[in-house]
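The exercises below ask you to read a fold from its overall figures down to single residues. Work through each task with the model open, and then compare your reasoning with the solution.

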Amino acid sequence: MEEGKQNFFEEDVTEQKTSDSELDSELESEKTEPTRDAESEGENPASGEADSGIAEDDKEGSESSEPIEDDQTETKTAPPPVFDQTAERDAQEGKTFFGKYRKFIVPIIAVLIVLIVGAGVKSFIDAQPVRLSKELKVEFEGYDGYGTVKYNKSKLDEKIMEVSYKKAGLPLNQAKHLESGSGNYLKIAAAEVMRNNVSYGFDKTDHLKNGDKIVFTVVCEGDKKAFVSETKEYTVKGLKEFQQISLEDFQKEYPIQFIGYNKFGSVQYDSNVYDINANLDGSLANDTVVKVGIRKDALEDLAKQGKKLQEDTNEIVVRVSGLKEVTEISGLKDMFDAANTYMQAKTKNDDYRTYQVEKQKDYIKFSPSGSRSEKGDEGSVSARTVYKVTETVKYFLSDNPSTKTYFTYFGCENMKVVDGRAILKTDSYGYTSVGSQWANLESIQAELKSSGFAEYTAQQ
């Protein structure tokens with residue numbers, strides 16, 4: 001009986017060793033031939049049956065056998081762990097690929113990191129208000145004291161529109177072409193609000209002189225500001241110096257001419273340059289001193305040409321000269337003779353009224369035509385003679401006549417002057433007399449003078 005048990009144990013150990021040897025053989029085969037793993041696991045039924053038998057024998061042995069003594073137990077080493085050979089191989093190939101292309105992969109990764117960080121920085125910068133002064137280009141032009149500042153206003157306006165639309169979330173091309181913003185009305189409205197909230201300009205743009213300080217100011221209002229509110233100071237420089245000219249040279253360039261007849265003279269001048277009292281026109285006499293103002297606009301234009309009067313003034317004092325004498329008008333004697341004939345007809349004696357008439361003085365008035373001739377000698381002329389009249393009136397059935405003395409005038413009016421000659425009219429409409437009577441000579445002389453008449457003395 002003891003022998004039977006010993007044989008059984010020995011047989012069991014032998015079979016177990018055989019099974020272990022086969023397992024080790026299979027593991028070795030898997031390491032050397034990884035491509036046949038599937039066949040070893042799924043297509044070897046004999047191996048499966050052996051494993052099954054060993055398992056059953058172990059079970060029977062454990063139930064019927066006595067404990068194995070220490071000196072009879074064989075120490076066995078656990079089989080090494082089984083790894084997924086495909087994963088190991090892929091890892092090995094990945095290391096090989098990275099090592100092979102490392103010099104290309106690392107720079108690409110670095111570039112991607114830079115791009116990502118740069119995009120973030122750009123987004124941050126784009127969200128910040130912009131300084132419009134960075135786009136400003138300034139130039140100073142003209143002459144010292146009358147200089148002007150020029151800058152790229154159209155470029156600034158374009159920049160304001162571009163930034164406003166960009167911050168409103170519209171593409172750049174829509175910022176430049178408003179009509180392409182169809183469908184983005186809310187964004188367009190927001191962009192226009194931002195754009196209209198920006199104002200800018202210089203505190204002074206003209207009459208600049210070298211060394212002046214001018215300030216460029218940008219004001220941006222509203223909750224969402226597209227631009228920074230800022231100020232920037234500029235120093236005026238580079239303006240040219242003026243050419244000094246005298247008043248005489250100025251009058252040569254812009255002449256003042258007197259035309260017409262003495263005591264009835266007119267002035268010809270450039271009304272864009274000079275300012276003359278209009279009441280003097282048509283009543284100027286030789287040797288009369290006239291103050292002529294120089295218009296501010298004329299001085300401005302002169303400065304823009306780089307010229308400046310040596311005398312710091314805006315006024316010229318000129319003396320009237322060159323006017324012809326009115327006596328040079330031919331036909332004046334005929335006019336006074338006609339006026340005298342008209343007086344005689346009006347003061348003819350009759351049975352009840354008698355006149356004693358005494359000539360006092362002759363007066364004349366020349367009126368230049370509306371369209372002045374070059375010489376100013378065309379127009380119309382009027383001649384009046386003042387008389388002292390003593391009138392006696394006899395009343396019916398009375399022996400006491402009444403007598404009165406007064407001054408009046410008779411004249412020949414508004415005769416046309418052509419080529420220096422007065423053309424006498426033949427109808428009665430060219431003659432005049434007045435019902436008014438003056439008590440003394442001084443009174444009627446003052447009246448005539450206020451009407452533009454001057455005392456006339458015929459040439460001998």
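Residues 24 or more positions apart account for 62% of the contacts in the protein with a separation of 6 or more, where contact means heavy atoms within 4.5 Å. This is a predicted model, in which local features need pLDDT of at least 70 and side-chain atom pairs count only at pLDDT 80 or more, while totals for chains, interfaces and linings use all residues. Residues are numbered from 1 along each chain as its sequence is written, and side-chain values use heavy atoms, with hydrogens and water left out.

**Exercise 1.** Describe the protein as a whole, beginning with its secondary structure.

Solution. The secondary structure comprises eleven helices and 18 strands; these are DSSP runs numbered from the N terminus, helices being H or I with at least four residues and strands being E with at least two. Turning to burial, 29% of the 460 residues count as buried, that is, under 20% relative accessible area with a 1.4 Å probe and protein chains only, whereas exposed means over 50% and partly exposed lies in between. Finally, the protein exposes about 30,400 Å², of which carbon and sulfur atoms supply 49%, by the Shrake-Rupley method with a 1.4 Å probe.

**Exercise 2.** Is Ser133 buried or exposed, and which residues does Ser133 contact beyond its neighbours within four places in sequence?

Solution. Ser133 is found in the loop that joins helix H4 (85-127) to strand E1 (138-141). Its relative accessibility is 9%, and therefore Ser133 counts as buried. Leaving aside neighbours within four places in sequence, Ser133 is in contact with Glu230 and Lys232.

**Exercise 3.** Determine which strands stand at the edges of the open sheet E9-E10-E12.

Solution. The sheet has three strands in the order E9-E10-E12, with antiparallel pairing. Strand E9 (274-275) and strand E12 (315-319) each have a single partner strand, so one side of each is left without a neighbour in the sheet. E9 pairs with strand E10 (residues 289-294) over two bridges, pairing requiring at least two DSSP bridges, and Asp275 stands opposite Gly293 in E10.

**Exercise 4.** Which element gives the largest share of the largest nonpolar core?

Solution. A nonpolar core is a set of buried Ala, Val, Leu, Ile, Met, Phe, Trp, Tyr and Cys residues joined through side-chain atoms within 4.5 Å. The largest has 26 residues, and those with the most contacts inside it include Phe140, Phe202 and Phe216. Helix H5 (153-167) is one of the elements that give two or more residues to this core, and H5 supplies the largest share, five residues. Apart from this core lies another, of 21 residues, among them Tyr254, Tyr274, Ile294 and Leu302.
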